[in-house]
Each structure stands twice: as structure tokens, then as C-alpha cells.
Amino acid sequence: THSSMDSNMPSHIEQVPKPWPTPPTHFTTNKFTYGYQEFVNTYGIPRYREANPALFTAATFPFLFGVMYGDIGHGLFFFCAG
């Protein structure tokens with residue numbers, strides 16, 4: 001019975017384009033992690049199933065920021081001593 005059907009008939013089902021669209025990414029934040037997530041988002045939002053680098057940013061950014069001020073103070077000391 002199927003052989004008599006016209007296979008050139010248009011389909012009423014919309015085909016999904018390939019490659020498949022990527023699902024959206026959402027990270028739940030709180031008052032503490034919101035700032036770090038926004039900092040990471042300035043470089044780009046991680047894709048679906050990628051690790052969220054905001055966790056690493058929250059752990060390392062304050063330390064590296066403090067190192068920067070230590071370097072400025074050390075340089076200012078040598079500038080004034082010279």
C-alpha cells in the first residue's frame with residue numbers, strides 16, 4: 001500500500017537544521033559568585049557542558065589582584081629609593 005503513495009508530497013513536519021543548535025547555557029549565581037561570573041562573561045560565555053571558569057576565577061583572582069598591588073608597592077619603594 002505504501003508503494004502507491006506519492007513520495008514527492010511536501011512534509012508538514014519542520015526539519016531541524018544540521019548541525020544541531022547548541023542549547024543555551026545558564027549558571028546559577030549568588031551574591032558572592034555573581035561578580036566573578038560577570039567577569040568571566042566579559043571574555044565569553046562557556047558552551048554547553050563546558051566547565052564554568054568562574055570557580056577558578058573566584059579562587060585565583062583575589063590572590064593575583066593582591067600580588068599586583070604588592071608589585072606596585074615594591075616598584076614604588078625602589079623608585080623612591082633610587
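Of the 82 residues in the chain, 9% count as buried, where buried means under 20% relative accessible area, exposed means over 50% and partly exposed covers the range in between (1.4 Å probe, protein chains only). The structure is a predicted model, in which local features need pLDDT of at least 70 and side-chain atom pairs count only at pLDDT 80 or more, while totals for chains, interfaces and linings use all residues. Residues are numbered from 1 along each chain as its sequence is written, and side-chain values use heavy atoms, with hydrogens and water left out. The accessible surface of the chain comes to about 7,900 Å², as computed by the Shrake-Rupley method with a 1.4 Å probe. Carbon and sulfur atoms account for 65% of that surface. The chain holds two helices and zero strands; both kinds of element are DSSP runs numbered from the N terminus (helices: H or I, at least four residues; strands: E, at least two).

A good place to start is helix 1. This helix spans residues 34–43, and its buried residues are Tyr36, Gln37 and Val40. Viewed down the axis of helix 1, these buried residues fall within an arc of 100°, so they line one face of the helix; the arc is taken from the directions that run from the helix axis to the C-beta atoms. The cover over the buried residues of helix 1 includes helix 2 (54–81).

How do the two helices meet? Two packed helices are described by the angle between their axes and the distance between the axes. Here the axes of helix 1 and helix 2 come within 9 Å and cross at roughly 105°, which makes helix 1 roughly perpendicular to helix 2. Axes are lines fitted to C-alpha atoms over the stretch in contact, with angles running from 0 to 180 degrees between N-to-C directions; those of 65 to 115 degrees count as roughly perpendicular. On the helix 1 side, Tyr36, Gln37, Phe39 and Val40 meet Ala54, Thr57, Ala58, Phe61 and Pro62 of helix 2, contact being defined as heavy atoms within 4.5 Å.

Gln37 deserves a closer look. Its relative accessibility is 5%, so Gln37 counts as buried. Apart from neighbours within four places in sequence, Gln37 is in contact with Phe27, Thr29, Asn52 and Ala54. Thr29 belongs to the segment before helix 1 and, at 33% relative accessibility, counts as partly exposed. With the same neighbours left aside, Thr29 is in contact with Tyr34 and Gln37. Thr29 and Ala54 are 25 residues apart along the chain, and their C-alpha atoms are separated by 10.0 Å.

Aromatic side chains add a further theme. Six aromatic pairs are found in a search of the whole structure, a pair being rings of Phe, Tyr or Trp (its six-membered ring) with centres within 6.5 Å. In one of these, the rings of Phe65 and Tyr69 have centres 5.2 Å apart and planes at 75°, so the pair is edge-to-face; planes over 60 degrees apart earn that label, those under 30 count as stacked and the rest as tilted. Phe65 and Tyr69 are four residues apart in helix 2, and therefore separated by about one helical turn. Phe65 is partly exposed, with a relative accessible area of 39%. Phe39, Tyr43, Phe61, Phe65 and Tyr69 form one aromatic cluster.

Two backbone features complete the picture. Gly44, just after helix 1, takes a positive phi of about 140°. Arg49 lies in the loop between helix 1 and helix 2, and its phi is near 70°, a positive value in a residue other than glycine. At 75% relative accessibility, Arg49 counts as exposed.

Technical notes: Angles under 35 degrees count as roughly parallel, over 145 as roughly antiparallel, 65 to 115 as roughly perpendicular and the rest as oblique.
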